[in-house]
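Open the model in your viewer, switch on the cartoon and keep the selection box handy. We will go from one selection to the next, with a short word on what you find at each.

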Amino acid sequence: MAGNILKIIGARIRDIRKDRSLTQEQLAEMSGFHSTYIGAVERGEKNITMLTLEKMSEALEVEVHELFRYADLNLRQTSKQKDLQDIMDRLLKLSAADIKKAKAILNEIYKK
């Protein structure tokens with residue numbers, strides 16, 4: 001169980017980086033680290049500091065707490081949970097107006 005949080009946060013950093021279409025090299029340059037360090041972080045091999053998390057979150061343009069998102073989830077998510085998480089991740093990237101549109105569409109499709 002020890003070190004599991006490193007793998008979870010590393011996976012989250014990797015997923016956000018990939019969502020932003022960034023390579024490890026690009027994230028390294030943007031955050032001030034070497035690309036091999038970024039790779040080790042993403043694999044959960046490095047015990048990183050809060051300052052490192054802050055630099056990476058700034059480079060990824062997310063709040064630090066977003067890097068802990070997977071830590072709240074059971075690693076053995078069901079397919080339904082993964083789908084719901086994917087939907088939430090997509091919605092969080094939208095503007096407030098687009099979120100209201102998505103809500104209206106869902107309400108129309110799945111009338112209460």
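Does Asp-15 count as buried, exposed or partly exposed, and at what relative accessibility? Asp-15 counts as partly exposed, at 24% relative accessibility. Keep in mind as you look that this is a predicted model.

**The whole chain**

Before going further, zoom out. The protein has 6 helices and 0 strands, and from the N terminus on its elements run α-α-α-α-α-α. Of the 112 residues, 31% are buried. Now turn on the surface: about 8,100 Å² is exposed, and carbon and sulfur atoms supply 55% of that area. If you draw contacts between residues at least 6 apart in sequence, 54% of them join residues at least 24 apart.

**Select 4-19: helix α1**

Helix α1 covers residues 4-19, which is 16 residues. From its first C-alpha to its last, helix α1 reaches 23 Å, close to the 22 Å expected at 1.5 Å a residue.

Next, show the side chains and colour the buried ones. In α1 these are Ile-8, Ile-9, Gly-10, Ala-11, Arg-12, Ile-13, Ile-16 and Arg-17. What covers them? The cover for the buried residues of α1 includes α2 (24-31), α3 (35-42), α4 (50-60) and α5 (79-92). Colour each of those four helices separately to see the cover around α1.

**Select 12, 14, 15 and 66: salt bridges**

The structure holds 8 salt bridges. Begin with Arg-12 and Glu-66, whose side chains meet in one of them at 3.0 Å, N to O. Glu-66 sits in the loop between α4 and α5 while Arg-12 is in helix α1, so this pair ties together parts that are 54 residues apart in sequence. Which side of the cut-off do the partners fall on? Buried means under 20% relative accessible area. Arg-12 has 5% and is therefore buried, and Glu-66, at 17%, counts as buried too.

Now return to Asp-15. The side chain of Asp-15 meets that of Arg-14 in a salt bridge of 4.0 Å, N to O. Arg-14 counts as partly exposed, at 28% relative accessibility.

**Select 21, then 61: two positive phi values**

Just after α1 comes Ser-21, placed in the loop between α1 and α2. Ask your viewer for the backbone angles here: phi of Ser-21 is near 55°, a positive value in a residue other than glycine. Most residues other than glycine have a negative phi. Ser-21 is exposed, with a relative accessible area of 62%.

Glu-61 is the next stop, in the loop between α4 and α5. Phi of Glu-61 is near 60°, again a positive value in a residue other than glycine. Is Glu-61 buried or exposed? At 67% relative accessibility, Glu-61 counts as exposed.

**Select 38: a buried isoleucine**

Move to helix α3 and pick Ile-38. At 0% relative accessibility, Ile-38 counts as buried. Which residues does Ile-38 touch, leaving out those up to four places away in sequence? They are Gln-24, Leu-27, Ala-28, Ser-31, Phe-33 and Met-56. Try a distance label between Ile-38 and Met-56: the two are 18 residues apart in sequence, and their C-alpha atoms are 9.3 Å apart in space.

**Select 96-109: helix α6**

Our last stop is helix α6, residues 96-109. Show Lys-101 and Asp-98, whose side chains meet in a salt bridge at 3.6 Å, N to O. How are the two placed along the helix? Lys-101 and Asp-98 are 3 residues apart in α6, so about one helical turn separates them. An α-helix has 3.6 residues a turn, so residues three or four places apart point the same way. Lys-101 counts as exposed at 52% relative accessibility, whereas Asp-98, at 31%, counts as partly exposed.

Finally, add Ile-105, Leu-106, Ile-109 and Tyr-110 to your selection and look at the surface again. These residues form a nonpolar patch there, with about 450 Å² of accessible area together. Ile-105, one of its members, is found in helix α6.

Technical notes
Residues numbered from 1 in each chain as written. Predicted model: local features only at pLDDT ≥ 70, side-chain atom pairs only at ≥ 80, totals over all residues. Heavy atoms only, no water. Patch = residues over 30% accessible without salt bridge, like charges linked within 9 Å, V, L, I, M, F, W, Y side chains within 5 Å. Areas by Shrake-Rupley, 256 points an atom, 1.4 Å probe, with all protein chains shown as cover. Expected span 1.5 Å × (residues − 1). Buried < 20%, exposed > 50% of the residue type's maximum accessible area, 1.4 Å probe, protein only. Contact = heavy atoms within 4.5 Å.
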